[in-house]
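Q: Got a minute to walk through this one with me? I'd like the overall picture, then the sheets, then the ligand.

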Amino acid sequence: MPIHLHADPRYDAIVVGARAAGAATAHLLARSGLRVLLVDRGRYGTDTLSTHALMRGGVLQLSRWGLLEKIIAAGTPPVRRTTFRYADAIVPITIKPSHGVDALYAPRRTVLDPVLVDAAIAAGADVRFGIAVTDVDRDRQGAVTGVAGRTRDGRGFRARARIVVGADGIRSTIAERVGAPFQRVGTSAAAITYGYWSGLETDGYEWNFRPGAASGVVPTNDGQACVYASALPHRIGRGGLAPLTQIIAESSPGLAGRLAAAVPPRALRTFTGRPGHIRRSWGRGWALVGDAGYFKDPLSAHGLTDALRDAELLARAIIAVVIDGADERDALASYQSTRDALSTALFDVIDVIAGHRWTDEEIPHLLLQLNAAMADEVEALAALSPLPSPSGQRRSSRSSPQTQLIHPRPVPCG
Ligand SMILES: Cc1cc2nc3c(=O)[nH]c(=O)nc-3n(C[C@H](O)[C@H](O)[C@H](O)COP(=O)(O)OP(=O)(O)OC[C@H]3O[C@@H](n4cnc5c(N)ncnc54)[C@H](O)[C@@H]3O)c2cc1C
């Protein structure tokens, strides 16, 4: 028996993908009173293939949304120093308080993603896990009007919305089904292997760069530190302790010594590399956010920060359309142009860094370019006026079956 959610009236937005980009977008839309369906084919609270260092822009967003305190309450340690090592230089930088951020954080995805999902639920979004979206529905003019898919137990699923948001990651089904063209494709793809050490002596984020070998440390929950090594794919191979140890020895002998005195993980995880992309992020009835529309090499440690940034930019555009009656094309085109303006410099410089096409003399300049791109992003985020505070008025003023379908916790299907 197929499941039809909200056949009439339809949702204001269906968001496909319930992690950094999707759950944040759903949260912001729902708290502005929009009727939102958030679906994910995975399970609530699970880990995913990703390290998780947040930069200032990401922390700023969580703080403004009132969610940073939940990340801190989960025992995520503050990061007050970041240290770059390249050639013979060691450059420690103290995180200065600015824009209300006095420390960085690197919550595990098992912490960050549920905080965002819980916020979406608390704001009134209808959240369903275990639903894989396989296609979009369209009207006669070709505008997207909803999604179709299946539940984990094999039942068909269909829901309608004014706007369908693809927040479904690098291999986005929504991007593929709407035919979102690539505007840019990167020229390089580094691989990364990483794991969690206990008892590692560390003092904040560490980023090490030597030609052909990059590595780093990201302190996180449960007294652990995420340690990674990045290189061209042929060096990482299938990943694991052997290539990681070799690459760390080359990029930071000091870290190699500290690792030897710490407790290593039982297993490492490996990303075999994929070139970055920037896709067109909107069309009639659809939009993309997060990696679905804009992915860059993990060496940037910036995908999450940008996912949270673009969640807010897109949510503002959709709210303008649904609540203020703005023209959909104007609002979504403006979302894309802001996203692109804030993304292109970082995309270009990380493509060079990830390709390991640099020397010891060149890497400090590339890192300065990366830093400048990040600073521009923080300024742009800080300049945003606060989103309207949650009121729920609009939602409660409309008769909607949604109230019957809101779940206090995510509902696993199947
Ligand atoms: C190895 C590695 C290390 C990284 N390290 C960092 C870092 O340190 N800092 C940082 O900021 N970024 C990092 N990133 C990038 C970061 O992981 C991504 O930018 C971020 O996960 C993007 O979030 P997202 O919500 O767009 O997509 P995702 O986190 O990929 O979530 C997409 C969701 O969509 C769901 N989904 C997919 N298809 C469907 C479908 N058809 N139907 C229903 N649901 C679907 C999936 O189940 C998933 O839950 C790293 C990435 C990698 C690969």
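A: Sure. When I say helix or strand, I mean a DSSP run, with at least four residues for a helix (H or I) and at least two for a strand (E), numbered from the N terminus. Also keep in mind that this is a predicted model.

Q: Fine. How many helices and strands does the chain have?
A: There are 13 helices and 20 strands.

Q: And how compact is the chain next to a globular protein of that length?
A: Its radius of gyration is 21 Å, and the globule rule gives 22 Å for 414 residues; those are close, so the chain is as compact as a globular protein of that length. Along the principal axes, the C-alpha atoms fill a box of roughly 65 × 40 × 40 Å.

Q: On to the sheets. What's the strand order in the open sheet of seven strands?
A: The order is 5-4-12-13-14-11-15, and the pairing is mixed.

Q: Which strands stand at the edges there?
A: Strand 5 (89-94) and strand 15 (269-271). Each has a single partner strand, so one side of each is left without a neighbour in the sheet. From one strand to the next, the twist averages 15°.

Q: How many bridges join strand 4 to strand 5?
A: Six, and the two strands run antiparallel, with strand 4 covering residues 81-86. One pair to look at is Thr82, whose bridge partner in strand 5 is Ile93.

Q: Which strands does helix 7 lie across?
A: Helix 7 (residues 241-251) lies across strands 11, 12, 13 and 14, and runs at about 85° to strand 14.

Q: What about the open sheet of three strands, what's the order there?
A: That one goes 10-16-19, with antiparallel pairing. Strand 10 (182-185) and strand 19 (294-295) are the edges; each has a single partner strand, so each has one side without a neighbour in the sheet. Two bridges join strand 16 (residues 277-279) to strand 19, and Ile278 has Tyr294 as its bridge partner in strand 19.

Q: Which helix lies across strands 10, 16 and 19?
A: Helix 10 (residues 328-354), running at about 15° to strand 10.

Q: Switching to the ligand: which residues come nearest?
A: Of the 31 residues around the ligand, Asp40, Ser50, Thr51, Asp291 and Leu304 come nearest.

Q: Where does the backbone come in?
A: A polar backbone atom of Ala21 is 2.9 Å from a ligand oxygen. Ligand nitrogen atoms lie 3.0 Å from a polar backbone atom of Ala53 and 2.9 Å from one of Val133.

Q: How much of the ligand does the protein bury?
A: Taken alone, the ligand exposes 1000 Å², and the protein buries 93% of that.

Notes. Residues are numbered from 1 along each chain as its sequence is written. This is a predicted model: local features need pLDDT of at least 70, side-chain atom pairs count only at pLDDT 80 or more; totals for chains, interfaces and linings use all residues. Side-chain values use heavy atoms; hydrogens and water are left out. Two strands pair if DSSP finds at least two bridges between them. Contact means heavy atoms within 4.5 Å. Axes are lines fitted to C-alpha atoms, for helices over the stretch in contact, and angles run from 0 to 180 degrees between N-to-C directions. A residue is near a molecule or strand if one of its heavy atoms lies within 4 Å of it. A polar contact is a pair of N or O atoms within 3.5 Å; within protein, one must be able to donate a hydrogen and the other to accept it, and residues adjacent in sequence count only if both atoms are side-chain atoms. Accessible areas come from the Shrake-Rupley method with a 1.4 Å probe; for residues, only the protein chains shown count as cover. The radius of gyration is taken over C-alpha atoms; the globule rule is 2.2 Å times the number of residues to the power 0.38.
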